[in-house]
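The following note is offered to a colleague who is meeting this structure for the first time. Please read the points with the sequence and the model side by side.

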Amino acid sequence: MSHNWSGVRSSLSSLRSCQAHLATGMELVTTMATDALEGVADGDPGISEMEALMLKCVKMEQEIDFFVDIVQQITSEPPEDLSTISSIVKERFNEKKSRLSDKDLQTHQNIVGFRRSIRKARNQGCQEPENVEEVDVDVAVMESQVIFTCPLTQVDMVNPVKNKKCNHHYDENAIRLLIETRRKQKKNCRCPVVGCENLDVRDSDLIPDYTLKTKIKNKRVQNNDTESIQLLESFTE
């Protein structure tokens with residue numbers, strides 16, 4: 001018997017948006033923390049509170065990830081008795097959540113990245129960086145050639161999404177089409193970035209990157225690329 005899963009897909013889409021907002025919030029917390037340490041060698045007592053907030057965000061993000069992944073698995077191969085779906089989701093979710101340890105949170109890439117940024121900011125408070133202008137140029141080139149370009153289409157992304165597992169970016173339509181193609185072939189979707197060891201990219205791993213989308217738009221504004229700007233705006237929610 002067929003079943004309309006449009007309501008479920010809509011709910012999952014809302015959860016992915018929530019994940020995107022969490023990711024943006026964690027980026028803001030990291031930025032605020034590093035700004036607070038700028039030029040201060042001894043640090044700021046509020047940093048520990050910010051790290052505690054980061055841990056809460058990471059835990060929430062992981063739990064949403066568990067839930068989305070479970071629901072997608074069940075709806076792709078639903079049980080014969082659809083009335084049991086709710087209890088199955090709840091049971092699997094509680095099981096995965098119970099296995100989420102403090103070590104998992106402490107070693108999460110966002111927490112590791114936060115602490116790395118804090119150490120870097122503290123070091124900069126003790127000494128002046130060398131070749132600042134040269135570093136800025138390198139970063140600008142890297143952003144233009146690597147971050148803005150989709151590894152699948154080889155052109156600037158229109159609607160960039162970030163892979164939570166390996167931190168790589170792709171254009172949303174391109175990566176979702178690849179995932180669907182591999183799923184039909186009963187194969188895992190490997191990250192298309194050369195050298196990446198992520199061998200199983202899933203829909204639930206993808207988070208909209210609104211910050212990067214803004215950067216791409218700003219780049220096109222500078223280049224007077226009005227046609228691409230209109231295309232970007234057509235994807236704006």
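1. The model is predicted. A convenient place to begin is V89: leaving aside its neighbours within four places in sequence, this residue is in contact with F67, I70, V71 and I74.

2. V89 also belongs to the largest nonpolar core, which has 27 residues. Together with A33, I47, M50, M54, F114 and I118, V89 is among the members that touch the most other members of this core.

3. Which elements give two or more residues to this core? They are helix 1 (6-37), helix 2 (47-76), helix 3 (85-98) and helix 5 (109-126). Helix 2 supplies the largest share, namely 12 residues. As general background, nonpolar side chains in soluble globular proteins tend to be buried together.

4. A further core lies apart from the one just described. This other core comprises 17 residues, including C150, A174, C196 and L212.

5. The strands deserve separate attention. Strand 1 (residues 160-163) and strand 2 (residues 169-171) run antiparallel and are joined by 3 bridges. Within this pairing, K162 is placed opposite H169 of strand 2.

6. What do strand 1 and strand 2 form? The two make a hairpin, with 5 residues between them. In the turn, N167 has a positive phi of about 70°.

7. Strand 1 also pairs with strand 3 (residues 206-208), in the antiparallel sense and over 3 bridges. Here N163 has L206 in strand 3 as its bridge partner. Strand 1 is therefore worth viewing with both partners displayed, since strand 2 and strand 3 each pair with strand 1.

Technical notes: Residues are numbered from 1 along each chain as its sequence is written. This is a predicted model: local features need pLDDT of at least 70, side-chain atom pairs count only at pLDDT 80 or more; totals for chains, interfaces and linings use all residues. Side-chain values use heavy atoms; hydrogens and water are left out. A nonpolar core is a set of buried Ala, Val, Leu, Ile, Met, Phe, Trp, Tyr and Cys residues joined through side-chain atoms within 4.5 Å. Buried means under 20% relative accessible area, exposed over 50%, partly exposed in between (1.4 Å probe, protein chains only). Helices (H or I, at least four residues) and strands (E, at least two) are DSSP runs, numbered from the N terminus. Contact means heavy atoms within 4.5 Å.
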